[in-house]
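Ready for a little practice at reading a protein model? Grab a pencil and take a look at what comes next.

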Amino acid sequence: MVNKVNLRELILGILLEISKGDRHSHLVIRSTLEKYQYLEKQERAFITRVCEGTLEYRLRLDYILNQYSTVPTGKMKPVIRELLRSSVYQMLYMDSVPDSAVCNEAVKLARKKGFYNLTGFVNGVLRKVAREYGSIRFPQKSQPVEYLSVMYSMPVWLVERFLAEYGFEKTEKMLEAFLEESPTTIRIREHLVEKQAVLESLEKQKVTVEKAPYVENAYYLKNYDYLPALEAFRMGSIQVQDVSSMLVAEVADPREGDYVIDLCAAPGGKSLCIADKLKGTGRVDARDISRTKTDLIRENAIRQNFLNVVVTEKDATELDYEALEKADILLADVPCSGLGVIGRKTDIKYNISQAGIQELAALQRKILEQASTYVKPGGTLIYSTCTITKEENLDNVQWFIENYPYELESLDPYLCEELRGETTKKGYLQLLPGVHRCDGFFLARLKRKTEWNR
């Protein structure tokens with residue numbers, strides 16, 4: 001007999017682990033759900049929603065709590081702070097949970113964790129929020145920075161940055177998109193797989209399947225419990241991958257027999273997408289810096305039975321003399337601030353800093369410096385990130401073409417009409433969540449010149 005699991009205690013443990021900042025939130029949540037696979041689908045969904053929601057709305061929840069608590073959230077004990085945040089989230093954003101039940105469970109959990117002297121404090125704050133929430137005055141649009149920061153739970157410095165770069169309208173669209181539920185996006189393989197058969201298999205397992213934009217074989221999956229339980233996943237017919245990431249392979253446009261190097265390949269989606277387009281020919285050299293990352297690529301490659309993918313552990317900042325001028329196509333999907341995927345990895349917005357962005361931009365240039373030597377004259381280099389900062393994206397591309405024998409090539413021949421525009425004709429595309437129907441992402445196509453006179 002399995003002992004009854006206290007879901008709110010699990011949630012508290014997850015939030016405390018995430019608050020340490022050692023691991024990304026989605027990994028902490030995933031590892032806990034894998035440990036408790038025997039929980040009912042509804043229970044797993046409850047854990048996921050409360051954890052993700054509490055993180056997504058952290059700054060708004062703190063704003064609310066600070067209206068009613070004599071102790072600011074920043075000075076609370078971590079257990080009490082996370083307990084109050086998650087409880088207020090349930091009260092305000094989950095209609096199926098009665099306020100009284102949330103209060104009672106929070107008090108019980110505070111007592112169970114040894115905070116007997118704070119049970120009255122927890123009970124008082126939560127009951128006051130429940131009674132008076134409707135009278136809270138939130139910042140108005142006349143105070144754009146404070147309004148966007150509180151209402152969309154985004155650190156002030158990032159709001160100021162986004163406003164300066166994209167203006168109010170686009171910034172609000174992005175912040176709103178970050179708080180929307182992100183569907184699971186998958187790519188159905190093209191080679192040796194019958195798309196209709198895959199769709200029928202998913203529908204047979206009661207999965208809701210919807211067409212995703214921009215890429216022919218891209219689909220959204222909803223109403224499934226556990227991805228590895230899907231036959232299409234186990235058979236290697238589908239790969240979880242956002243549409244923005246799939247566009248890298250579209251823009252790279254590999255030809256049968258090509259040799260492709262993917263410098264920072266984990267978890268392997270782009271490498272496997274390229275390998276699929278090669279139809280079993282050529283070779284994809286999928287590299288990353290650690291055993292953990294290369295194991296992840298290898299696991300996906302084996303599951304999909306790709307024989308033209310070679311996985312190697314290499315540091316992209318160190319020159320590989322054996323690869324000089326060998327690649328027909330090189331993918332440089334470099335480590336970045338990840339601001340384009342805040343909707344999937346919420347804790348990024350709380351952990352990134354301006355200094356961190358500058359350090360990443362320098363690292364990206366170091367990788368590009370080595371990458372420039374691996375492409376054959378006339379070959380293609382695809383530079384991409386999952387962020388939306390100018391210094392990590394367009395500034396790096398401009399620096400690169402000024403210092404190395406490369407030129408931008410139009411993306412228009414490889415993109416659907418909806419994505420074509422002024423910048424794609426020049427050779428690059430900045431995707432913005434809320435503006436485009438995908439994650440925030442940047443990609444540029446660069447051709448190595450056969451001759452170069454500096």
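Here are two exercises on this predicted model, each with a worked solution.

**Exercise 1.** Find Glu392 and work out whether it counts as buried or exposed.

*Solution.*
- Step 1: Start with the chain. Glu392 sits in the loop that runs between β9 (375–385) and α17 (394–403).
- Step 2: Check the accessibility. The relative accessibility of Glu392 is 0%, and the cut-off for buried is under 20%, so Glu392 is buried.
- Step 3: See who is around. Setting aside neighbours within four places in sequence, Glu392 has contacts that include Cys336, Ile357, Gln364 and Tyr383.
- Step 4: Look at the side chain. It makes a polar contact with the side chain of Thr389, at 2.7 Å.
- Step 5: Compare sequence with space. Ala362 is 30 residues away from Glu392 along the sequence, and their C-alpha atoms are 8.6 Å apart.

**Exercise 2.** Describe how domain 2 (144–179) meets domain 4 (243–448).

*Solution.*
- Step 1: Count residues. Domain 2 brings 16 residues into contact with 19 residues of domain 4.
- Step 2: Get the area. About 1,400 Å² is buried between domain 2 and domain 4, and carbon and sulfur atoms give 66% of that.
- Step 3: Pick out the big contributors. Trp157, Arg161 and Phe178 supply 39% of what domain 2 buries against domain 4, more than any other three residues.
- Step 4: Look for charges. There is 1 salt bridge between domain 2 and domain 4. The side chains of Arg161 and Glu391 form a salt bridge at 2.5 Å, N to O.
- Step 5: Sort by class. Where domain 2 touches domain 4, its side has 11 nonpolar, 1 polar and 4 charged residues.

Conventions
Residues numbered from 1 in each chain as written. Predicted model: local features only at pLDDT ≥ 70, side-chain atom pairs only at ≥ 80, totals over all residues. Heavy atoms only, no water. Helix = DSSP H or I, 4+ residues; strand = E, 2+ residues; numbered from the N terminus. Buried < 20%, exposed > 50% of the residue type's maximum accessible area, 1.4 Å probe, protein only. Contact = heavy atoms within 4.5 Å. Polar contact = N/O pair within 3.5 Å; in protein donor to acceptor, adjacent residues only side chain to side chain. Buried area = accessible area lost by both parts, 1.4 Å probe. Salt bridge = Lys/Arg side-chain N within 4 Å of Asp/Glu carboxyl O. Nonpolar A, V, L, I, M, F, W, Y, C, P; charged D, E, K, R; others polar.
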